[in-house]
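Me: I would like to go through this model claim by claim, asking each time what entitles us to the word we use.

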2 protein chains.
Amino acid sequence: MEPSRADAIPNPAVRRLSLYLRQLEAFRQHGRITISSRQLGQSVGSTDAQVRKDLAYFGQFGHPGIGYRVEELIAQVRRILGTDRTWNVLVAGAGNLGRALLAYRGFERKGFRLVAVFDSDPAKVGRKQGALTVQPMGELVATVRRDAIDLALLTVPASAAQEVTDCLVMAGIRGILNFAPVSIVAPRTVAVASLDVAVQLEQLSFQMNFARATRTAGA
Amino acid sequence: MEPSRADAIPNPAVRRLSLYLRQLEAFRQHGRITISSRQLGQSVGSTDAQVRKDLAYFGQFGHPGIGYRVEELIAQVRRILGTDRTWNVLVAGAGNLGRALLAYRGFERKGFRLVAVFDSDPAKVGRKQGALTVQPMGELVATVRRDAIDLALLTVPASAAQEVTDCLVMAGIRGILNFAPVSIVAPRTVAVASLDVAVQLEQLSFQMNFARATRTAGA
DNA sequence: GGATGTGAATGCATTCACAGCA
DNA sequence: TGCTGTGAATGCATTCACATCC
């Protein structure tokens, strides 16, 4: 079905897939039934050829003369990204950011369910955080296993990031989204992505100096 | 000094510059005086040649036989990124995320000072948020001018993102970091970067399906 | 010896442009 | 006619490898 060798697929293409999906969902909400590669590309600041090429890495989803059927393409892209299922996610770190993420009700619709929250601070353990209760780190392994948790949002302070990462890896987590402003190291069997606000601000700062705004394509 | 045409500089190089800076600050904290391109590259998961090439776009900062002086290179990179000064930043949207960002004390050190917060909800206006008081949107123009604010963190719901963006642009903001899970459009004179948690989770999801973890280089 | 800086070579990603289908 | 899918051509970014300097 898909090319079995994922390294044949340009990484930038996968990033754009997420953006296409976001736009497609917006188009669906507006009642669009079909959409051309040109329109989809324009909506994410890209070209028609780019859209077609990106999608073609994974199969033939379009209909010549018509374009792409919105509903159908959403399903395909979700399947490709692996969000045609629900991933269970934990939050490591019940600070301001962790709590803000827990309160956000938009992940479920995207295929991610926040099912647990952990903190090493005894003062925070036991507190209710929405529907969830903050658990001590000691329960990590058991909870990950019991609730079949695959992903972690790492929202601890920079100083604790690596230590907690190691715990997550031990517990069997397979993917980590790191919000701490440090690099973390994990075995290559564990997927890691990072999201550092300061880094993005620096990119903006640079763009503002050289007015040639090259527009950082969404992340 | 720098090449005057910023489009001669690969965009990925600028992104890596931020990561180098983060590592350099860590090395400084550990007391390192000099560092080689190899060591710096390794610390961000890159190669020595890549580091040298990236830096060489902006000048000659190294010392053959020695490497780079940490303190000196930090200063240079900050100058390149434009964070050798302090940018005044506002937060648009005093929801959970906005408040979490306001509470974070790490931006100042990086050259970004959060100086104002706005919300359209009358119930939130007037509330204290740390040192700041939530202001109504109507005061946007005046405050941006008075406090010389250049950058905005956009933390409003998706449904309001475009409308508030338009207000920010009107008020004279020159850069926007968008946390809402939608594309926003702004004049090309305004720098825009986006930071969508769901998008990053999707990238992780993809990586986890094709175990060939290509490791999303920090953002 | 141990580093940098940099042209040249390679490898990727994007764009072009067109055959083919509805 | 309108649109996709795709080889071929282009353009960018990364890597190599070496002259150069402390």
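Reply: A salt bridge here is a side-chain nitrogen of Lys or Arg within 4 Å of a carboxyl oxygen of Asp or Glu. The model is a predicted one, and in it B:Arg85 and B:Asp150 form such a bridge, their closest N and O atoms being 3.5 Å apart.

Me: What makes the pair B:Arg85 and B:Asp150 one that links distant parts of the chain?

Reply: B:Arg85 lies in the loop between H4 and strand E3 (87-92) of chain B, whereas B:Asp150 lies in the loop between helix H6 (140-146) and strand E7 (151-154) of chain B, and the two are 65 residues apart. As for burial, B:Arg85 has a relative accessible area of 36% and is therefore partly exposed, while B:Asp150, at 15%, is buried, because the word buried requires a value under 20%.

Me: Why are A:Arg52 and A:Asp48 said to be separated by about one helical turn?

Reply: Because they are 4 residues apart in helix H3 (residues 48-56) of chain A, the separation of A:Arg52 and A:Asp48 comes to about one helical turn. Their side chains meet at 3.5 Å, N to O, and since the cut-off is 4 Å, the pair is called a salt bridge. A:Arg52 has 40% relative accessibility and so counts as partly exposed, and A:Asp48, with 26%, likewise counts as partly exposed.

Me: How do you know that B:Arg113 and B:Glu108 form a salt bridge, and are these residues buried or partly exposed?

Reply: The side chains of B:Arg113 and B:Glu108 meet at 2.9 Å, N to O, which satisfies the rule because it asks for a nitrogen within 4 Å of a carboxyl oxygen. B:Arg113 is at 37% relative accessibility and therefore counts as partly exposed, as does B:Glu108 with its relative accessible area of 44%. Over all chains, the structure holds 22 salt bridges.

Me: Why is B:Glu25 called buried?

Reply: B:Glu25, which has its place in helix H1 of chain B, has 9% relative accessibility and so counts as buried, because the limit for that word is 20%. Leaving aside residues up to four places away in sequence, B:Glu25 touches B:Ile74, B:Arg78, B:Arg109 and B:Lys110. Two of these contacts return in a network of salt bridges that links A:Glu202, B:Glu25, B:Arg109 and B:Lys110.

Me: What makes the buried residues of H3(B) lie on the same side of the helix?

Reply: In helix H3 (residues 48-56) of chain B, the residues B:Val51, B:Asp54 and B:Leu55 are buried. They cover an arc of only 95 degrees around the axis, and therefore they lie on the same side of H3(B). The face turned away from that buried side carries the exposed residues B:Lys53 and B:Ala56, and what covers the buried residues includes helix H1 (11-29), helix H2 (37-43), strand E2 (68-69) and helix H4 (70-81) of chain B.

Me: How do you know how much area is buried between chain A and chain B, and which residues of chain A supply the most of its share?

Reply: The size of an interface is often given as the accessible area lost when the parts come together. Between chain A and chain B that area is about 6,500 Å², with carbon and sulfur atoms giving 63%. A:Arg22, A:Glu202 and A:Met208 supply 11% of the area that chain A buries against chain B, more than any other three residues. Counted by contact, 72 residues of chain A meet 72 residues of chain B.

Me: Which polar and charged links cross this interface, and which element of chain A gives the most to it?

Reply: Across the interface the rule finds 4 salt bridges, one of which joins the side chains of B:Glu202 and A:Lys110 at 3.4 Å, N to O. There are also 22 residue pairs in polar contact. The elements giving two or more residues to the side of chain A that touches chain B include helix H1 (11-29), helix H4 (70-81) and helix H8 (197-209) of chain A, and H8(A) gives the most, with 13 residues. By class, that side of chain A has 41 nonpolar, 18 polar and 13 charged residues.

Note on methods:
Residues numbered from 1 in each chain as written. Chains lettered and ligands numbered in written order. Predicted model: local features only at pLDDT ≥ 70, side-chain atom pairs only at ≥ 80, totals over all residues. Heavy atoms only, no water. Contact = heavy atoms within 4.5 Å. Buried area = accessible area lost by both parts, 1.4 Å probe. Polar contact = N/O pair within 3.5 Å; in protein donor to acceptor, adjacent residues only side chain to side chain. Nonpolar A, V, L, I, M, F, W, Y, C, P; charged D, E, K, R; others polar. Buried < 20%, exposed > 50% of the residue type's maximum accessible area, 1.4 Å probe, protein only. Arc of directions from axis to C-beta.
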